[in-house]
Amino acid sequence: MILFLAGTSDARELAIEMKQVGFEVLATVVTGSAAKSLQDEGISTRIGRLTAEDMTSLISEKGFQAVVDASHPFAEEASKNALNGAKAANVPYIRYERESQRFKNDKLIVVRDYEEAAKLAAAKRGIIMLTTGSKTLAVFAKELLGLENTRVIARMLPRMDNMEKCAELGIEQKNIVAIQGPFSKELNKALYEQYGVTLMITKESGKVGAVDEKLEAALECGIETIMISRPDVDYQNVHSSFDHVISELNKQLNQK
């Protein structure tokens with residue numbers, strides 16, 4: 001059996017393909033909706049975040065033969081826990097990583113992390129649309145809420161916990177766009193125009209994460225964009241195609 005960290009739509013597709021070629025998979029996910037989408041395809045799931053110790057214990061208890069980490073490119077802690085858990089349990093670790101994209105434009109600024117993005121946005125002000133999710137919303141709220149000549153529009157998944165987080169941080173309902181993506185370039189443009197956005201903040205999540213549609217729409221509208229680069233994680237055994245992941249699994253398991 002393979003322990004599979006799922007956190008994206010393409011991770012779901014990889015899990016399905018692995019099952020189709022004969023691997024038994026247990027996918028770990030964070031949300032019930034993610035679990036259901038995998039369960040609908042006959043894939044067993046476990047809901048909840050895992051520490052490195054949890055990962056090691058789970059591998060030992062269930063007798064997993066390998067760990068496939070297909071978590072989100074920005075799920076840095078999950079990947080580090082998977083790396084350390086697999087190492088401690090002495091099983092192969094394989095990373096599926098979406099291909100990175102390179103963008104260049106005078107209105108695009110690439111920064112290292114969320115804190116740098118928030119401070120830069122505070123210096124620029126204006127009508128700011130956040131498309132970075134709810135997990136780091138507090139970082140931006142701390143720097144941006146209450147600033148003169150600044151309005152923060154938070155775009156995120158329509159989940160109850162996200163709405164509760166917005167309420168706790170003081171983000172008004174009129175400034176929340178709760179919608180399930182990915183979005184076309186045209187829909188992105190319509191949202192920017194609807195709110196009069198002057199600055200957009202996003203992450204370099206890869207093409208499957210619809211970053212190019214968000215970015216192209218913003219740049220075509222003349223909107224300045226801050227893009228947060230991916231975390232610097234020392235991954236091992238990284239692959240960016242399903243075929244390569246499956247080939248590597250076969251290679252690793254046949255060696256044992």
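How many salt bridges does a search of the whole structure find? The search finds 15. Hi everyone, and please keep in mind as I talk that this is a predicted model. I'll start with some of those salt bridges, then go on to the helices, and finish with two threonines.

Let's begin with D40 and K36. Their side chains meet in a salt bridge, with 3.1 Å from N to O. Is D40 buried or exposed? D40 counts as exposed, because its relative accessibility is 52% and the cut-off for exposed is over 50%.

Next, have a look at K119 and E143. These two form a salt bridge, and their closest N and O atoms are 3.0 Å apart. Here the pair links distant parts of the chain: K119 sits in helix 5, residues 114-124, while E143 sits in helix 6, residues 137-144, and 24 residues separate them. K119 is exposed, at a relative accessible area of 52%, whereas E143 is partly exposed, at 23%.

Another pair to find on your screen is K185 with E216. Their salt bridge has its closest N and O atoms 3.9 Å apart. This pair also links distant parts of the chain. K185 belongs to helix 8, residues 185-195, and E216 belongs to helix 9, residues 211-220, with the two lying 31 residues apart. Both partners count as partly exposed: K185 has 22% relative accessibility, and E216 has 38%.

Salt bridges can also join up. In this model, D69, R95, E97, E204 and R230 are linked in a network of them.

Now for the helices, starting with helix 1. It runs over residues 9-20, so that is twelve residues, and it reaches 17 Å from its first C-alpha to its last, close to the 16 Å expected at 1.5 Å a residue. Which residues of helix 1 are buried? They are D10, A11, L14, A15, I16 and M18. Here is a general point that helps when you look at a list like that. An α-helix has 3.6 residues a turn, so residues three or four places apart point the same way. Just after helix 1 you come to G22, which takes a positive phi of about 115°.

Let's turn to how helices pack, and go back to helix 5 and helix 6, the two that K119 and E143 sit in. Their axes come within 9 Å and cross at roughly 25°. Why do we call them roughly parallel? Angles under 35 degrees count that way, and therefore helix 5 and helix 6 are roughly parallel to each other. Their crossing is right-handed. On the helix 5 side, Y114, E115, A117, A118, K119, A121 and A122 take part, and they meet V139, F140, E143 and L144 of helix 6. You'll notice our salt-bridge partners K119 and E143 among those residues.

Helix 6 has another packing partner, helix 7, residues 160-169. The angle between helix 6 and helix 7 is about 25°, and their axes are 11 Å apart. These two are roughly parallel to each other as well, and the crossing is right-handed. The contact is made by L137, A138 and A141 from helix 6 with K165, C166 and L169 from helix 7.

For another kind of angle, look at helix 3, residues 52-62, and helix 4, residues 76-89. They pack at about 45°, with axes 8 Å apart. That makes helix 3 oblique to helix 4, and the crossing is right-handed. From helix 3, A52, M55, T56 and I59 meet a set of helix 4 residues, including A78, N81, A82 and G85.

Last, the two threonines. Where is T202? T202 lies in strand 10, residues 199-203. With 0% relative accessibility, T202 counts as buried. Leaving aside neighbours within four places in sequence, T202 is in contact with T131, T132, K214, T225, I226, M227 and I228. One of those, I226, is 24 residues away along the chain, yet the C-alpha atoms of T202 and I226 are separated by 6.4 Å.

T132 is on that contact list too. T132 is found in the loop between strand 7 and helix 6, and at 4% relative accessibility T132 counts as buried. Not counting residues up to four places away, T132 touches Y114, F140, I201, T202, K203 and I228. Y114 and F140 may ring a bell, as they also appear where helix 5 meets helix 6. Thanks for listening, everyone!

Key
Residues numbered from 1 in each chain as written. Predicted model: local features only at pLDDT ≥ 70, side-chain atom pairs only at ≥ 80, totals over all residues. Heavy atoms only, no water. Salt bridge = Lys/Arg side-chain N within 4 Å of Asp/Glu carboxyl O. Buried < 20%, exposed > 50% of the residue type's maximum accessible area, 1.4 Å probe, protein only. Contact = heavy atoms within 4.5 Å. Axes fitted to C-alpha atoms, helices over the stretch in contact; angles between N-to-C directions. Parallel < 35°, antiparallel > 145°, perpendicular 65-115°, else oblique. Left-handed = near helix turned anticlockwise from the far one by under 90°.
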